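Please look through the sequence and the model below before reading on. The report that follows takes up charged pairs, a buried charge, the nonpolar interior and the confidence of the prediction.

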Amino acid sequence: MTTARPPRRIVILGGGTAGWLAAAYFARTLKQGAAITLVESSEIGTIGVGEGTFPTIRSTLAALDVREADFIRASSATFKQGVLFEGWAREPNDGVRDSYFHPFNFPFGGSEPGLLPYWIADNRAERAAFADAVTVQEQLIRAGRGPKRPEDPDFSGPMNYAYHFDAARFSGFLRDVATASGAIRHEGTVVAVERADNGDIFALLLADGRRVEGDFFIDCSGFRARLIGEELGARFIPCGDTLFNDRALAVQVPYHAPDTPVRPYTLATAHEAGWTWDIGLDNRRGVGYVYSSRHSTDEAAEAVLHRYVGKEMEGLSPRLLKFATGYRDRQWIGNCAAVGLSAGFFEPLESTGIMLIESALSMLGDFLTTGDRNTREAVARRFNRLMLGRFERIVAFLKLHYCISQRRDTTYWRDNTDAVSIPGDLHDLLMEWRYRPPSRFDFIVDLETFLPPSYHYILYGMGFRTELQGLTPYPDTAAAQAAFSKVRAAGQQALAHLPDHRTLLNTYYRQSATPVRMTGMKGIS
């Protein structure tokens, strides 16, 4: 009988955020230890525009045993408390756009059913927007406040938050953490993959003749999917008929003054054939236009980006990115798992990219503790079911942002609201939600990246209408009104106690750096 054991040698193909986060995570967290080797080529570029994250990133960074200030400074990071959407619900009127906020805070009083049915039942014209009625976070972001105070512990504070950061600098920070913890980096280009008789990958052959052997391989090779796709044959499942956007123009816009205010949120503005992201880092803005090549030419898209950025666009050359939206039907085959772009990719709406890397690494960290082949195959099947379920649910959540829009001013928006482009399960739920609020029974929590409150924020921020029917009574109107009043009062208190975002950032950037904790030998070869 073969004794189960974790792999002793983990080989990661590809650097960037996915590869170096994998290296740092496993070097720091695997309880029984393993030799971590990363292979990357300086001749192969990285995407490098994934500058937004989800609150799960704080737990991931904490698991790496790093200081928040060190991460912030090394990555040019700022705080993010959610996404402010402008122009998504209705066609702009004389240049005026509708807006709503998807905050990271959960609604006051929980979400089952919480205050939602009482907010729906309130038909007054002066009713507060849903996010503003059930959280204090919308008041804070519109006032430019940070999510925490300087004295709060690392990775925690009164508000739920994530970060914006420079993707290239973040990868460099992760590389330092990984190599200080014993990970070894090989510079080189893979020209061949050696396979064992049972189909497992045995070694990567580099262009200079070196061989990198391993027990388990993690494919972080980006869109190419060199191992999981080219070598092992995982099929790519396209989602372009549901999520149309397949191109982006990205540009870095410098600040004119070092004390320029920094938005504590991502600004997502809808346009005729896509939307722009606008995020603030310590020393610049990251701006990009995500669009559909079926509904716009590259020249028209660049004109949209120029109009949005304005005179600050002078002298700047946007970077054009082309991508296919979708994911691999199997993301763990044999002794290889795909993480990051090699597993799948969606447009940067709601910052799902790094979040999916975190999910995959967390699962692998648990599942790799059993190493005999039969158990490994069972674990691989479970991993694939869970990851595919997450990808499928993200498709539905992202489509929600488009398909309930009232915009009909361009072909892009008309096509996005066409029932043909809406996944069947989401289409059915939308019909049901016309007569009842979303229920916990609508969601399988282990497959959901976005929990029910996120659906609530998007639905009712976009103006979705629910006529309360059914058998469930909502008798606690007086208690609900008291809770709404409590949220308003708490918002005023938070405004008085939480600092300006730029002021908060300055306290972190003034802190001295802490040397990366050494946990093993490091090496570059």
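A salt bridge is counted when a side-chain nitrogen of Lys or Arg lies within 4 Å of a carboxyl oxygen of Asp or Glu. This is a predicted model, in which local features need pLDDT of at least 70 and side-chain atom pairs count only at pLDDT 80 or more, while totals for chains, interfaces and linings use all residues. Residues are numbered from 1 along each chain as its sequence is written, and side-chain values use heavy atoms, with hydrogens and water left out.

By the salt-bridge rule the count comes to 31, and the table gives some examples.

| Positive partner | Negative partner | N to O distance |
|---|---|---|
| arginine 9 | aspartate 215 | 3.1 Å |
| arginine 285 | aspartate 278 | 2.7 Å |
| arginine 407 | aspartate 409 | 2.7 Å |

A residue is called buried under 20% relative accessible area, exposed over 50%, and partly exposed in between (1.4 Å probe, protein chains only). Arginine 407 is buried at 3%, whereas its partner aspartate 409 is partly exposed at 27%. Salt bridges that share partners also join Arg9, Glu194, Arg211, Glu213 and Asp215 into one network. In the second pair, arginine 285 is buried with a relative accessible area of 14%, and aspartate 278 is buried at 1%.

Lysine 80 is a buried residue without a salt bridge. The nearest side chain of opposite charge (Lys and Arg count as positive, Asp and Glu as negative, and His and the chain ends are not counted) belongs to glutamate 350, 6.0 Å away. The side chain of lysine 80 does, however, make a polar contact of 2.9 Å with the side chain of serine 351, where a polar contact is a pair of N or O atoms within 3.5 Å, one able to donate a hydrogen and the other to accept it within protein, and residues adjacent in sequence count only if both atoms are side-chain atoms.

A nonpolar core is a set of buried Ala, Val, Leu, Ile, Met, Phe, Trp, Tyr and Cys residues joined through side-chain atoms within 4.5 Å. The largest one has 153 residues, and Trp88, Tyr163, Leu204, Trp332 and Phe346 have the most contacts inside it. A second, separate core of 7 residues includes Val136, Met159, Leu495 and Leu498.

The predictor's confidence in each residue, pLDDT, runs from 0 to 100. The protein averages 91, and 93% of the residues score at least 70. Over residues 520–525, however, the pLDDT is below 50. Where pLDDT is low, the predicted coordinates should not be read in detail.

Notes
Contact = heavy atoms within 4.5 Å.
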